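Hi,

Here is the structure I promised to pass on. Have a look at it first, and my notes on what turned up follow below.

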Amino acid sequence: MTDTTGTPHPLGRRTVLIASGATAATLAVGATAATTTEKTDTAPVAAAAVCTLTKEMTEGPYYLDGQYVRADITEGKAGAPLKLALTVVDDDTCAPLSNALVEIWHCDALGEYSGFVGNNGHSEPDDGTFLRGGVLTNSSGLASITTIYPGWYRGRCVHIHVKVHTGVALTSDGSFTGGQELHTGQLFFNETITTAVAKVSPYSTNTVTRTTLAQDSIYDDGGATSGLLTLTALGSSASSGYSGTLTLGVEQ
(Lines give C-alpha, C1' and ligand atoms only; values in the text may rest on other atoms or scores of the structure.)
Protein backbone atom coordinates (compact mmCIF):
# COMPACT_ATOMS: atom_id res chain seq x y z
CA MET A 1 0.00 0.00 0.00
CA THR A 2 1.17 3.56 -0.64
CA ASP A 3 0.20 6.92 0.81
CA THR A 4 -0.60 10.00 -1.24
CA THR A 5 3.12 10.71 -1.61
CA GLY A 6 3.62 7.43 -3.43
CA THR A 7 5.79 6.00 -0.64
CA PRO A 8 5.20 2.27 -0.04
CA HIS A 9 4.35 1.16 3.50
CA PRO A 10 4.51 -2.54 4.35
CA LEU A 11 1.58 -4.10 6.14
CA GLY A 12 3.57 -6.23 8.53
CA ARG A 13 1.39 -6.56 11.62
CA ARG A 14 -2.01 -8.15 12.07
CA THR A 15 -4.87 -6.30 13.66
CA VAL A 16 -8.59 -6.44 14.01
CA LEU A 17 -11.18 -3.75 14.25
CA ILE A 18 -14.49 -4.86 15.65
CA ALA A 19 -17.65 -2.79 15.63
CA SER A 20 -18.64 -1.77 19.14
CA GLY A 21 -22.09 -1.44 20.62
CA ALA A 22 -23.69 -4.32 18.70
CA THR A 23 -24.78 -7.84 19.58
CA ALA A 24 -22.45 -10.78 19.04
CA ALA A 25 -24.82 -12.20 16.46
CA THR A 26 -24.90 -8.97 14.51
CA LEU A 27 -21.12 -8.73 14.55
CA ALA A 28 -20.69 -12.33 13.44
CA VAL A 29 -22.76 -11.89 10.29
CA GLY A 30 -21.92 -8.32 9.39
CA ALA A 31 -19.03 -6.36 10.88
CA THR A 32 -19.59 -3.81 8.11
CA ALA A 33 -23.01 -2.72 9.36
CA ALA A 34 -24.12 0.91 9.13
CA THR A 35 -22.28 3.30 11.40
CA THR A 36 -25.40 4.65 13.07
CA THR A 37 -26.44 1.32 14.63
CA GLU A 38 -28.24 1.75 17.94
CA LYS A 39 -26.61 0.16 20.98
CA THR A 40 -28.56 -2.90 22.07
CA ASP A 41 -26.02 -4.97 24.01
CA THR A 42 -24.50 -3.98 27.33
CA ALA A 43 -22.36 -7.12 27.71
CA PRO A 44 -18.61 -6.61 28.19
CA VAL A 45 -16.53 -6.39 25.03
CA ALA A 46 -14.68 -9.62 25.84
CA ALA A 47 -17.97 -11.53 25.95
CA ALA A 48 -19.71 -9.91 22.98
CA ALA A 49 -16.97 -9.23 20.45
CA VAL A 50 -16.24 -11.41 17.46
CA CYS A 51 -12.59 -11.11 16.40
CA THR A 52 -11.98 -10.62 12.69
CA LEU A 53 -8.49 -10.07 11.36
CA THR A 54 -7.92 -7.25 8.92
CA LYS A 55 -4.96 -5.43 7.40
CA GLU A 56 -3.44 -2.30 8.85
CA MET A 57 -3.60 1.10 7.15
CA THR A 58 -0.66 3.22 6.05
CA GLU A 59 0.90 5.60 8.58
CA GLY A 60 1.00 8.36 5.97
CA PRO A 61 3.42 11.29 5.73
CA TYR A 62 2.34 13.40 8.73
CA TYR A 63 3.35 11.43 11.84
CA LEU A 64 5.48 13.19 14.49
CA ASP A 65 7.20 11.40 17.38
CA GLY A 66 6.99 12.45 21.01
CA GLN A 67 3.48 13.85 21.22
CA TYR A 68 1.65 14.55 24.48
CA VAL A 69 -0.25 12.04 26.56
CA ARG A 70 -3.52 13.91 27.12
CA ALA A 71 -7.25 13.36 26.86
CA ASP A 72 -8.02 16.62 24.99
CA ILE A 73 -5.95 17.36 21.87
CA THR A 74 -7.96 20.28 20.45
CA GLU A 75 -5.74 23.16 21.66
CA GLY A 76 -8.60 25.56 20.89
CA LYS A 77 -8.98 24.50 17.26
CA ALA A 78 -12.39 25.42 15.87
CA GLY A 79 -14.65 22.64 14.69
CA ALA A 80 -17.50 20.31 15.58
CA PRO A 81 -16.67 18.44 18.80
CA LEU A 82 -15.71 14.78 18.48
CA LYS A 83 -15.67 12.50 21.53
CA LEU A 84 -13.79 9.31 20.68
CA ALA A 85 -14.23 6.12 22.71
CA LEU A 86 -11.77 3.54 21.39
CA THR A 87 -11.53 0.15 23.07
CA VAL A 88 -8.43 -2.01 22.61
CA VAL A 89 -8.69 -5.80 22.90
CA ASP A 90 -6.44 -8.78 22.29
CA ASP A 91 -7.30 -10.29 18.91
CA ASP A 92 -6.91 -13.88 20.13
CA THR A 93 -8.94 -13.68 23.35
CA CYS A 94 -10.93 -10.44 22.89
CA ALA A 95 -9.82 -9.51 26.42
CA PRO A 96 -9.42 -5.75 27.02
CA LEU A 97 -5.87 -4.35 27.06
CA SER A 98 -5.23 -1.92 29.89
CA ASN A 99 -2.42 0.65 29.91
CA ALA A 100 -2.12 0.57 26.12
CA LEU A 101 -1.40 3.98 24.64
CA VAL A 102 -3.88 4.94 21.93
CA GLU A 103 -2.34 7.78 19.92
CA ILE A 104 -4.15 9.76 17.22
CA TRP A 105 -3.37 12.62 14.86
CA HIS A 106 -5.39 14.36 12.14
CA CYS A 107 -5.82 17.59 10.22
CA ASP A 108 -7.89 20.59 11.28
CA ALA A 109 -11.05 21.89 9.59
CA LEU A 110 -8.97 23.44 6.79
CA GLY A 111 -7.03 20.25 6.14
CA GLU A 112 -3.80 21.36 7.80
CA TYR A 113 -1.67 19.12 10.04
CA SER A 114 0.34 20.60 12.89
CA GLY A 115 4.00 20.59 11.97
CA PHE A 116 3.09 20.78 8.28
CA VAL A 117 0.81 23.83 8.04
CA GLY A 118 0.62 25.21 4.53
CA ASN A 119 0.57 21.87 2.74
CA ASN A 120 -3.15 22.30 2.05
CA GLY A 121 -2.85 25.93 1.00
CA HIS A 122 -3.83 27.73 4.20
CA SER A 123 -1.73 30.04 6.36
CA GLU A 124 -2.27 29.63 10.12
CA PRO A 125 -0.21 29.34 13.31
CA ASP A 126 1.65 26.06 13.68
CA ASP A 127 2.86 24.80 17.06
CA GLY A 128 3.52 21.24 15.88
CA THR A 129 1.19 19.72 18.47
CA PHE A 130 -2.45 20.63 17.77
CA LEU A 131 -4.75 17.68 17.10
CA ARG A 132 -2.07 15.21 18.18
CA GLY A 133 -1.78 13.08 21.30
CA GLY A 134 -3.16 10.08 23.10
CA VAL A 135 -4.15 8.41 26.35
CA LEU A 136 -3.60 5.14 28.19
CA THR A 137 -6.49 2.71 28.18
CA ASN A 138 -8.27 2.01 31.47
CA SER A 139 -8.94 -1.42 32.99
CA SER A 140 -11.72 -1.96 30.43
CA GLY A 141 -9.38 -1.23 27.53
CA LEU A 142 -11.09 2.13 26.86
CA ALA A 143 -9.32 5.24 25.60
CA SER A 144 -11.43 8.42 25.66
CA ILE A 145 -10.11 11.33 23.60
CA THR A 146 -11.67 14.73 22.90
CA THR A 147 -10.90 16.37 19.56
CA ILE A 148 -12.77 17.94 16.63
CA TYR A 149 -14.27 16.39 13.53
CA PRO A 150 -11.41 16.38 11.00
CA GLY A 151 -11.44 18.40 7.81
CA TRP A 152 -9.99 17.21 4.52
CA TYR A 153 -7.05 17.82 2.22
CA ARG A 154 -6.22 17.07 -1.39
CA GLY A 155 -6.64 13.43 -2.39
CA ARG A 156 -7.93 11.95 0.90
CA CYS A 157 -11.31 11.45 2.50
CA VAL A 158 -11.92 12.61 6.07
CA HIS A 159 -9.93 10.37 8.44
CA ILE A 160 -7.94 10.10 11.66
CA HIS A 161 -4.63 8.26 12.04
CA VAL A 162 -4.25 5.93 15.02
CA LYS A 163 -1.47 3.92 16.64
CA VAL A 164 -1.62 1.53 19.59
CA HIS A 165 1.48 1.11 21.76
CA THR A 166 2.12 -1.06 24.81
CA GLY A 167 4.80 -0.80 27.47
CA VAL A 168 5.45 2.93 27.03
CA ALA A 169 7.07 5.06 29.72
CA LEU A 170 5.59 8.46 30.50
CA THR A 171 8.07 11.34 30.52
CA SER A 172 8.28 14.42 32.74
CA ASP A 173 7.33 16.72 29.85
CA GLY A 174 3.97 15.00 29.36
CA SER A 175 5.00 12.79 26.45
CA PHE A 176 6.00 9.12 26.22
CA THR A 177 8.91 6.99 25.13
CA GLY A 178 9.73 3.35 24.38
CA GLY A 179 7.25 0.52 24.24
CA GLN A 180 6.05 -1.61 21.36
CA GLU A 181 3.88 -0.42 18.49
CA LEU A 182 1.11 -2.99 17.96
CA HIS A 183 -1.10 -1.27 15.41
CA THR A 184 -1.07 1.52 12.85
CA GLY A 185 -4.39 2.30 11.23
CA GLN A 186 -6.93 4.93 10.30
CA LEU A 187 -10.44 5.84 11.45
CA PHE A 188 -13.10 6.78 8.90
CA PHE A 189 -16.39 8.66 8.93
CA ASN A 190 -19.88 8.13 7.55
CA GLU A 191 -20.16 10.08 4.30
CA THR A 192 -23.67 11.41 5.01
CA ILE A 193 -22.50 12.89 8.32
CA THR A 194 -19.35 14.33 6.75
CA THR A 195 -21.49 16.04 4.09
CA ALA A 196 -23.53 17.72 6.83
CA VAL A 197 -20.43 18.79 8.76
CA ALA A 198 -18.83 20.21 5.59
CA LYS A 199 -21.68 22.74 5.34
CA VAL A 200 -21.02 24.39 8.72
CA SER A 201 -18.27 26.81 9.74
CA PRO A 202 -15.28 26.56 9.71
CA TYR A 203 -15.42 23.52 7.40
CA SER A 204 -17.39 25.49 4.82
CA THR A 205 -14.37 27.76 4.30
CA ASN A 206 -12.20 24.82 3.20
CA THR A 207 -12.34 25.27 -0.58
CA VAL A 208 -10.23 22.21 -1.42
CA THR A 209 -12.24 19.62 -3.36
CA ARG A 210 -13.26 16.89 -0.92
CA THR A 211 -12.49 13.25 -1.71
CA THR A 212 -15.40 11.05 -0.62
CA LEU A 213 -15.17 7.77 1.27
CA ALA A 214 -15.98 5.87 -1.93
CA GLN A 215 -13.25 7.72 -3.86
CA ASP A 216 -10.52 7.31 -1.25
CA SER A 217 -7.42 5.31 -2.20
CA ILE A 218 -6.86 3.96 1.34
CA TYR A 219 -10.30 3.04 2.67
CA ASP A 220 -11.32 -0.36 1.25
CA ASP A 221 -15.07 -0.31 1.95
CA GLY A 222 -14.55 -2.78 4.78
CA GLY A 223 -16.82 -0.95 7.24
CA ALA A 224 -15.96 -1.28 10.92
CA THR A 225 -13.33 -3.92 10.18
CA SER A 226 -11.42 -1.24 8.27
CA GLY A 227 -11.87 1.54 10.83
CA LEU A 228 -15.31 2.98 10.08
CA LEU A 229 -16.49 4.64 13.29
CA THR A 230 -19.95 4.32 14.78
CA LEU A 231 -21.08 7.97 15.06
CA THR A 232 -23.78 9.33 17.36
CA ALA A 233 -24.94 12.95 17.28
CA LEU A 234 -24.25 15.03 20.40
CA GLY A 235 -26.99 17.52 19.56
CA SER A 236 -29.59 18.54 17.02
CA SER A 237 -27.18 20.00 14.45
CA ALA A 238 -23.90 19.00 12.82
CA SER A 239 -22.09 21.81 14.63
CA SER A 240 -22.98 20.18 17.97
CA GLY A 241 -20.62 17.36 17.14
CA TYR A 242 -20.54 13.60 17.47
CA SER A 243 -19.31 10.72 19.56
CA GLY A 244 -17.31 8.09 17.71
CA THR A 245 -16.83 4.53 18.95
CA LEU A 246 -14.84 1.56 17.72
CA THR A 247 -13.12 -1.49 19.19
CA LEU A 248 -9.61 -2.14 17.93
CA GLY A 249 -8.26 -5.65 18.32
CA VAL A 250 -4.50 -5.99 18.16
CA GLU A 251 -2.04 -8.87 18.18
CA GLN A 252 0.37 -8.80 21.11
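**Charges over rings, then the rest**

I'll start with a lysine: the charged end of K163 sits over the ring of Y63, with 4.8 Å to the ring centre. Keep in mind that this is a predicted model. An arginine does something along those lines too: R210 lies over the face of W152, 6.0 Å from the centre of the ring.

While we're on rings, how many aromatic pairs does a search of the whole structure find? The search comes back with 8. There is also an aromatic cluster, made up of Y62, Y113, F116 and Y153. If you want to describe any pair of rings yourself, the distance of the centres and the angle of the planes are what you need.

Now the overall picture. The chain has 252 residues, and 52% of them count as buried. Its secondary structure comes to 3 helices and 12 strands. The accessible surface is about 10,300 Å², and carbon and sulfur atoms account for 52% of that. If you take the contacts between residues at least 6 apart in sequence, 76% of them join residues at least 24 apart.

On to the strands. Strand β3 covers residues 81-90, and 7 of its 10 residues are buried, so the rest of the structure largely encloses it. Which strands does β3 pair with? One of its partners is β6 (residues 142-148), antiparallel to β3 and joined to it by 7 bridges. Within that pairing, T87 has L142 in β6 as its bridge partner. Another partner is β12 (residues 242-250), where the pairing is parallel and runs over 9 bridges. There, A85 is bridged to T245 of β12.

There is also an open sheet of 4 strands, in the order β5-β4-β7-β10, with antiparallel pairing. Its edges are β5 (132-136) and β10 (180-188), each of which pairs on one side only. On average, neighbouring strands in this sheet are turned by 20° against each other, ignoring direction. Zooming in on one pairing, β4 (residues 101-105) and β5 run antiparallel and are joined by 5 bridges. One residue to click on is E103, whose bridge partner in β5 is G134.

If you only have a minute, go to K163 over Y63, then to R210 over W152, and then follow β3 across to β6 and β12.

Cheers

Note on methods:
Residues are numbered from 1 along each chain as its sequence is written. This is a predicted model: local features need pLDDT of at least 70, side-chain atom pairs count only at pLDDT 80 or more; totals for chains, interfaces and linings use all residues. Side-chain values use heavy atoms; hydrogens and water are left out. Two strands pair if DSSP finds at least two bridges between them. Helices (H or I, at least four residues) and strands (E, at least two) are DSSP runs, numbered from the N terminus. Axes are lines fitted to C-alpha atoms, for helices over the stretch in contact, and angles run from 0 to 180 degrees between N-to-C directions. Rings of Phe, Tyr and Trp (its six-membered ring) pair if their centres lie within 6.5 Å; planes under 30 degrees apart count as stacked, over 60 as edge-to-face and the rest as tilted. A charge sits over a ring if NZ of Lys or CZ of Arg is within 6 Å of the ring centre and within 35 degrees of the ring normal. Buried means under 20% relative accessible area, exposed over 50%, partly exposed in between (1.4 Å probe, protein chains only). Contact means heavy atoms within 4.5 Å. Accessible areas come from the Shrake-Rupley method with a 1.4 Å probe; for residues, only the protein chains shown count as cover.
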